[in-house]
Amino acid sequence: MSQSDTGDRRRDSAAAWRLWKGPGLTWLALVALFAVSLGSAYLPLGAGNVATNLVIAAVMIALLVTFLMDLKNAQTIIRIVAASGLLWTVFMFALTFNDYLSRHY
Amino acid sequence: MTDVTLPFVPPLEAAGESYLDEGHTILSWLTSTDHKRIAILYALSITVFFFIGGVAIGLVRLELISPTGLFLTSDEYNRLFTIHGIIMVWFFLVPSIPATMGNFILPMMIGAPDVAFPRLNLMSWYLYVGGAAFTVYVLFSGGVDTGWTFYPPFSSDYSHSNVIAAAAGVFIVGFSSIATGVNFLATIHMLRCPGMTWFRLPLFAWAMYVVSMVMVLATPVLAMSLLLISAQRYFGLPIFDPNAGGDPLLFQHLFWFYSHPAVYIMILPAMGVVSEVFACFARRRVFGYTFMVYAMIMIGVVGFMVWGHHMFVAGQSPLANLVFSFLSFIVAVPSAIKVFNWTGTLFRAHIGFEAPMIYALGFLGLFTIGGLTGLFLASVPIDIATTDSYFVVAHFHTIMVGGSVSAFMAGIHYWWPKVTGKLYNEFWAQFAAITMFLGFNVTFLPQFVMGWLGMPRRYHYYPDVFQIWHVLSSGGAVILAVAYLMPLVYLTWSLLYGEQAGDNPWHATGLEWQTPSPPPKTNFLRPPRIDTNPYEYHDFGRAEETGDEGRAEPQGEAS
Amino acid sequence: MNISQFTTEASDYAVKVDHLFYLESVISGLVVLLVSGLIVVFFALYYRGSPTPRGLLPERKSREIEIGWTAVTLFSFLFLFWWAASDQLTALAPPKHALEIQVVAKQWMWRFQHPSGAREIDELHVPAHTNVRLAMTSQDVIHDLYLPALRLKQDILPDRYTYEWFNATKTGIFHFTCAEFCGTDHSIMAGSLVIMTPEDYARWTAAQPEGDDLAHQGKALFHSLGCSGCHTPGASVHAPDLRGVYGHVVHLSDGSTRVADEAYLRDCMLLPDSTRVAGFPPIMPNFTRAVNEGQIVELIAYIKSLTTDRQTGAQDQSPRGSP
Amino acid sequence: MSDLAGALREPWPDLQLQRAGVGLGMWIFLASEVLFFAALFCGYAVYRSFNAGAFRIAGEHTEIVYGSINTVLLLTSSLTMTVALRAATAQLRKLTLYCLAATAALGVAFLVCKGLEYHEDLKEHLFPGPHFPLSPPATQIFWGFYWIMTGIHAVHLTGGIAVVLVVFTLFKRRVIPVQGSIMEGVAIYWHFVDSVWLVLYPLLYLVGRS
């Protein structure tokens, strides 16, 4: 038991760094983007604030989904499923706003 | 990763036992993850709710014989039609075909031993029971009077009834649909047997595929809209409160984002069942199989973009009316194509007149009428004149009751021998099918007429000029009620005393028929594989005529 | 009650709706006949065991049939859409000069206020051959004013105006009723629509109990509620001048612009913070609890009259404010 | 080997297919969840586009410090979750367990922060109702969305912590081998909950800061 544990530990330390590297870089990028988003919120950009924050959020989610959720290695069908979630959201927004933006009360 | 082949196909000597003999205690049913047993659990529970909803509307139709009412107060009346709507939509129609026949037949049809996630499947039934418990609670605690549509601000601030409990019931049962949808999608993607390519899938499997997609993508929006209503009612969060700048129409947008696709949740499975039945009893490949598949996919997708036609008079913008009207006409095209294709299937066929076929023909006729009246309602000026009137009531009952329930009955009769291993009395079945069609028309054709004349819906008291039509309609409802009770009797009789059906009494193709009736727990005795297209009836049928049945090549070769 | 109270085509628009309805009925009838006819013929020819020969249909042929009926269906549906949409679009354009009647719906009654100041409950008198525009709002839940003889229906929402307009061509007494489920007495929230000749309407108006017209009642409220303390040209408090506001564009403090229509004026009283005019301090009180729907209607009528009166008089100043 | 067979469930013929199936099932469920939140975002977008000013006023009152700390906590938990999954695939049992524990701990820390934040909010009476301190009325809509959005997110996160703990116990007790398919689904779900927060953060905390 103890022998296998030491073996485990050696293998751990060797492989661990390789495991941490990719996700670690993504994490750094995410935290950096978060800082940019937070900082930009205090700049007087008018409507640009919302746009910047949302674009950064979109980029962050894209990074997270691609590298941490591993969509880059996923099967086509899983990409289709992920895309359809977004596409249906677009249907909802487009047709709802089609009403709201053309109302003139 | 090492491949480990699970011995899900049991040794032949153990395989003779049917799924019904896997245990006879109630607990063995309530804890079974076998898709067939879960289907039976669902079938029993939705039948109970069908009759509860039926009693509610029976009282309503009785009350409506007189323009000034007979025995109900207006509040009681409003509660009855509301509970009828909630129960029939969410506790009967939405789970009807997918959760019963879909659960039972779909895995067998594609050659799978079970659905992808059997425990999730069992959980979905328990979610249904949980939602049902809330609804029964609502029923006994004074009911709910918002109409099944839960429009604020009436539901959120003005109703004095049990809105939150009712919404919670629907919210929970929604997750049961999502679970079923996830399960079916994963099953169809991952567990098709060797040789079962996408374009060899029977149309019922395709229908289940599309309907699962709709369930998965639409139901969460309903859940959210009900959550928001409840949050406003309970916590006073003013999401739809116009006094704080909220917009009641936003609820309608979200609600119909689910509830229009929900109509397709109810009708797509019916289309699948009817395609199977037509092919089998016309002994012919369904006309235009690939077009049928694409038509269903198109209905499933475009069906999400037409919800605004429920809101033509609600105060949405004229541009939105125009766009939704256009899309509604577009979504009608694939439905029309399907009607023509079913009719075309009869061409050069060997048509039989067995009970499932009569039900399917009933579906075809009523779906045609329902679909065509849908065009009226897609035209903005006619919709303005007829929306919220009995015309709309008749229209959607023709689709959802005339269409879906006829197809549900067709499927029940078609697969009854497979599920129970018994035959039912053909004469009574035919008689019930014809009665149901006639009863339906006597009930709802008068409603079309009075709706166009100007009779608004959800009316307890009504102008006496409409009484004649209401009396006709109530008379039809009696016929319809008898027609719905008849199968209960002769199917129970068949269960107790029916003849043994044999494995394939209809000489149908399709993998579900290439296994014993009732099927063993693992569905197949030998691993199934497929090397032909679905519905290879033409040759099969001819062979049968020459009395050379053994030569025929049914789809699949499992025994 | 007589069915003609519902079915009479009391306007040109109603006639058009009916024509579309008949057109679609005929088309639907033909389709039902076609489908059921085909089913009957096929049953006769191809009943199981019948001697009719049955070959397989070549793949190419069935695809042609398929594309054929898809195209026919698509084009006939597009035709119907075009017809319906053109009816809708012509009915959309609101008339320039219309008799405007204020409608307030509440559980479970209708209140109508005519520009002359006449009020009525559950009964609506309108002149024929005149453009009539109903400006409707609700005090509680969503209602819907359904005028069967005019083939019109429009939901009425709380805290918002929706409109319905018509030009009736037939006189008589017709039915109107609520078409959006609104609670216990939804089904008896009904009344009569009385369409009269313009002369009769004038006589009816004159015979109504003595009372000021809406604008005058509004003027009285304007003073009794204290609005005049700030919104008069000579007031010491810095508040917008209301003369000439109605119908003009105002620039708001949040940078947006709005047209000062009924909805805007109403928001000014109920949501003063979000409708404040640029350059004015946020001192307008919220009148949500001080006024009811009927009083809002009167105040708006008064503010509108300030514009119409002024246009006939001096036009030197550009509009520049809101209440 | 028998360990692996123990991880295989009916009706799957082999582990690889089972793993793909669980992944697919989880993604389909997430597509459903996306629409669940989309309804909320759609409502928020509609109201914000019509009440920009009120949302700006209301947004200034959210606790940006707690919100920002929570964002970093969740981002970090996504990192540990990913490493846990990769470690599981590489059969590094210890590392898997450590990372799972860290993930759950970060999740709990998030909830604690959230609780403190709710406490602050309630102290300022920022719950819509008759005594709501802000005006115009549409600020109450913003705060309505605040409570619903963060509440639903917290419920999702609680569920996530629960499944992570379940997986942790199962791995710890070697009931199922670490490379079993359940891990994939849990990881995907965790990242999804994190992604939702990444949208909520700018919508609720970064409004009206400039």
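Two residues are taken to be in contact if their C-beta atoms, placed from the backbone, lie within 7 Å. The structure discussed here is a predicted model.

**The contact of chains B and C**

On this criterion, chain C brings 70 residues to its contact with chain B, and chain B brings 65 residues. On the side of chain C that touches chain B, at least two residues come from each of α1 (4-7), α2 (12-46), α3 (59-92), β6 (143-147), β7 (152-156) and β9 (172-178) of chain C. The greatest share of that side belongs to α3(C), which gives 16 residues. By class, the side of chain C that touches chain B consists of 39 nonpolar, 17 polar and 14 charged residues.

**Overall form of the two chains**

Chain C contains seven helices and 12 strands. Its radius of gyration is 28 Å, whereas the globule rule gives 20 Å for 323 residues; chain C is therefore more spread out than a compact globule. Chain B has 16 helices and zero strands. For its 559 residues the globule rule gives 24 Å, and the radius of gyration of chain B is close to this at 23 Å, so chain B is as compact as a globular protein of that length. The spans of the C-alpha traces along their principal axes are set out below.

| Chain | Approximate span of the C-alpha trace |
|---|---|
| Chain C | about 100 × 50 × 40 Å |
| Chain B | about 70 × 50 × 45 Å |

**A helix pair in chain B**

Within chain B, helix α8 (residues 248-282) packs with helix α10 (residues 318-345) at an angle of about 15 degrees, and their axes are 9 Å apart. Angles under 35 degrees count as roughly parallel, and α8(B) and α10(B) are therefore described as roughly parallel to each other. Their crossing is left-handed. The residues that meet are B:M271, B:V274, B:F278, B:A279 and B:A282 from α8(B), and B:K338, B:W342 and B:T345 from α10(B). This contact of α8(B) with α10(B) comprises six nonpolar residues, one polar and one charged. An α-helix has 3.6 residues a turn, so residues three or four places apart point the same way.

**A helix in chain D**

Helix α6 of chain D covers residues 138-172, a run of 35 residues. At 1.5 Å a residue this helix should span 51 Å, and its end C-alpha atoms are 51 Å apart, so the expected and computed spans agree. Just after α6(D), D:R174 adopts a positive phi of about 55 degrees.

Terms used:
Residues are numbered from 1 along each chain as its sequence is written. Chains are lettered from A and ligands numbered from 1 in the order in which they are written. This is a predicted model: local features need pLDDT of at least 70, side-chain atom pairs count only at pLDDT 80 or more; totals for chains, interfaces and linings use all residues. Helices (H or I, at least four residues) and strands (E, at least two) are DSSP runs, numbered from the N terminus. Ala, Val, Leu, Ile, Met, Phe, Trp, Tyr, Cys and Pro count as nonpolar, Asp, Glu, Lys and Arg as charged, and the others, Gly among them, as polar. The expected span of a helix is 1.5 Å times one less than its number of residues. Axes are lines fitted to C-alpha atoms, for helices over the stretch in contact, and angles run from 0 to 180 degrees between N-to-C directions. Angles under 35 degrees count as roughly parallel, over 145 as roughly antiparallel, 65 to 115 as roughly perpendicular and the rest as oblique. A crossing is left-handed if the near helix is turned anticlockwise from the far one by less than a right angle, and right-handed if clockwise. The radius of gyration is taken over C-alpha atoms; the globule rule is 2.2 Å times the number of residues to the power 0.38.
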